Amino acid sequence: MTTASKTATYKLRYESDDDGLRFQDLTYEGNFVGLEPVPDGILGDKMMRRRAKTGVLDRVSKDEVLREQFTLDELNDLNNYLAWNIWDVLVMRATEGVSGMIPRQEYEILAFMHEFYRWPEILRMTTDEAGPQGVMDIGATARREIGTKVNCVHDWCIGAAGFGMGRCGLLALEAIQPDDYVEESNDILKFMQRVLWGKRQDGYILNSQDRYRCRVHEQEILDQLLGELEDFEPDEPKHDAFTRFNAAATLLAFLDHFDSRLGLGDTGPYLLPDGRMLIVRDLFTNEEEFHWSDVCDHEDVPHCYTAAVVIDAGAMGLAEIRVNDISTSFTRPKNYVPYITGGAVFVREKWNTPMGEVRPVALDELGAELEKLQQATLKLYGKLARMPRRELITNGHWVYFIDMILPHLRLAGTYEKACRDYDLWEIDQRVSNYYYEITKRKFAHEVVPTKIFSGKGYLPFSEKADLRRSKYRWL
Amino acid sequence: MSSIIAEGYNAFETEKAPTGVVKYLETPSDVLALIRSGTLKDHILLVRGGTTTFLAPVLSMGATGILTMSGAPESHLGILSREFQTPCLMTIGLTDSDSRYEAGNPDDAHFDAIVQRLDGKRVRLDCEDDSVGRVYLAEHGA
């Protein structure tokens, strides 16, 4: 355990004039060339929102969210903010380089571009079927459920990946121009806004707008979780059992989602009456739509484990906690694990298991669950190690392209229709051809990261852009 | 006396100071062979990337310490090493060289130099600092 300062100052982060801590030394410029560089964190959010031309990044009303489309200025404000937000959560992760196993940079950019082309039609169909209010209601289900993929990272990906990074990649590939696909951009971003607003219901859409908080669960759900909580001291066997289980489930959740954050979903921090804080962590260890999850089936691994993680922020000397928009918690100091003093684990067998059938697992019984997780991890690793590169890229592509909107389509009742009538599980011919382009001129490994993570690739829509515009010519 | 041979981002603060012989793992076959050898705990693992999947089985089975040549605490491997409480230094660079990893600019010579210098050496990791972790050449038996 570290011997750093033990004075917890994290509550200062929630005072309106506080600018938060810096988690990194880098700064962001994006489309604001010549202006003061923007840092990460709370101060970065403030600066980006001050630069917006419209009120779309402030707390917005339900009527505004139900409005059919964004104005051009609102689209540009969202484009600029998402570009900073992507940088904020991913710029350091982006330094991780090659996987040694899964060609992630390749499958990521292919999926992003595919999403920008194909999602608008499917999201429009889903909005037509469910109605704008119905899309907001899908977001709202996350307030009453655990083990749901209607969560920060999936909801964020609709706009940040499908619109932001997809459009950015296509612009970098010179496959589109900045004023192409304006109408489709609106369809994607409206869907994202409705889901996120419905989930948060405080007028914001992103955690970064709320000082990196995502306190969406209703008290009734929190009370159920806390009712199963087991307290322990850091040197007790229960601490070891709980933290080892949490780590092993996180590992399999990443692996089942091809080394992506889609397997993990944190919400919080929820402050408890005794001064500690709660993080609710969904770990999606078996996605039935992925054929490689058969090894998880064989080990009887459920769709999702939910861990209620209680941290003694005072003993830790917590200075800041961020539950960011890709559902991951980071703290300063970084190591919160020794300060976990309570936990509970729940199992949701299938994605649609009713909340009343979600069952708790006592910490003394986690050994059997840990064994299942370890066996499934080993088997999945062996399976992935035998896959050729092309297959790894294709499967990673499916994870992003399908899974990022799968939870929303499932709840809207449009997933089967999207598969049957919209060829969801097909790769568009344009994107298939890009497979051969992305390894040329270091596109996937150098051009894309540079454009995406510098913020320079998110070109604004021009003043001449037409809100009705799609793309009509390839010249 | 022992000397600092490399430095990198410290994935998380810990008083653990693992010692072991550095083993460079290049392919999934290397990872599986290490597990089969039964010597996992004897080694500090050196890998090129900062992602999780490549090291998944050894994380699960309790690696002693990890060194990466790219990545950051926010990378998946950084997150997982924290959750497993496995000391992990990321994007290490040799202290007697100015060569440093740049994202999006993979330079094999940079990686090769680190592997050549560390692979097979007995080292100790210092992970107490909140940002920088250090790799010491360990005396025999340390």
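How many bridges join β7(A) to strand β8 (residues 359–361) of chain A, and in which sense do the two run? There are 3 bridges, and the strands run antiparallel.

## Ground rules

This is a predicted model, so to speak plainly: local features need pLDDT of at least 70, side-chain atom pairs count only at pLDDT 80 or more, and totals for chains, interfaces and linings use all residues. Residues are numbered from 1 along each chain as its sequence is written, while chains are lettered from A and ligands numbered from 1 in the order in which they are written.

## Around strand β7 of chain A

Back to that strand. Helices (H or I, at least four residues) and strands (E, at least two) are DSSP runs, numbered from the N terminus, and two strands pair if DSSP finds at least two bridges between them. β7(A) covers residues 340–348, and 7 of its 9 residues are buried. Here a residue is buried if 20 or more other C-beta atoms lie within 10 Å of its own, exposed if 12 or fewer, and partly exposed in between, with C-beta atoms placed from the backbone.

Besides β8(A), where Pro360(A) is the bridge partner of Phe346(A), β7(A) has antiparallel links to β4(A) (residues 304–311) through 8 bridges. In that pairing Tyr305(A) sits opposite Val347(A). Strand β1(A) (residues 230–231) also pairs with β7(A), again in the antiparallel sense, over 2 bridges, and Glu230(A) faces Gly343(A) there.

## Helix α6 of chain A and its neighbours

Helix α6(A) (residues 152–172) meets helix α3(A) (residues 72–90), with axes that come within 10 Å and cross at roughly 105°. Axes are lines fitted to C-alpha atoms, for helices over the stretch in contact, and angles run from 0 to 180 degrees between N-to-C directions. The two helices are therefore roughly perpendicular to each other; angles under 35 degrees count as roughly parallel, over 145 as roughly antiparallel, 65 to 115 as roughly perpendicular and the rest as oblique. On the α3(A) side the contact uses Leu82(A), Ala83(A), Asn85(A) and Ile86(A), and on the α6(A) side Gly159(A), Ala160(A), Gly164(A) and Met165(A). Two residues are in contact if their C-beta atoms, placed from the backbone, lie within 7 Å. By class that gives 5 nonpolar, 3 polar and no charged residues, where Ala, Val, Leu, Ile, Met, Phe, Trp, Tyr, Cys and Pro count as nonpolar, Asp, Glu, Lys and Arg as charged, and the others, Gly among them, as polar.

α6(A) also packs on helix α17(A) (residues 443–454), at about 130° and with the axes 10 Å apart, which makes α6(A) oblique to α17(A). Met165(A), Cys168(A), Gly169(A) and Ala172(A) of α6(A) do the touching, along with Val447(A), Val448(A), Lys451(A) and Ile452(A) of α17(A). That contact divides into 6 nonpolar, 1 polar and 1 charged.

Just before α6(A), in the loop that follows α5(A) (132–140), is Glu145(A). Glu145(A) is partly exposed, with 19 other C-beta atoms within 10 Å. Its C-alpha atom is 7.3 Å from that of Ile221(A), although the two are 76 residues apart along the chain.

## The barrel of chain B

Chain B has a closed barrel of 7 strands in the order β1-β5-β4-β3-β2-β6-β7, with mixed pairing. From one strand to the next the twist averages 40°. β1(B) (residues 4–10) and β7(B) (residues 132–137) pair in the antiparallel sense over 5 bridges, with Gly8(B) partnered by Gly133(B). Helix α4(B) (residues 108–118) lies across β1, β2, β3, β5 and β6 of chain B, running at about 100° to β5(B).

In the segment after β7(B) comes Glu139(B), which is exposed, with 11 other C-beta atoms within 10 Å.

## Where the chains meet

Across the interface, 38 residues of chain B are in contact with 39 residues of chain A. On the chain B side, the elements giving two or more residues are α2(B) (56–61) and α3(B) (76–84), and α3(B) supplies the largest share, 7 residues. That side divides into 15 nonpolar, 15 polar and 8 charged residues.

α3(B) is mostly covered, with 9 of its 9 residues buried. The cover includes α9(A) (237–256), together with α2, β4 and β5 of chain B. Right after α3(B) comes Gln85(B), whose phi is positive, near 60°.
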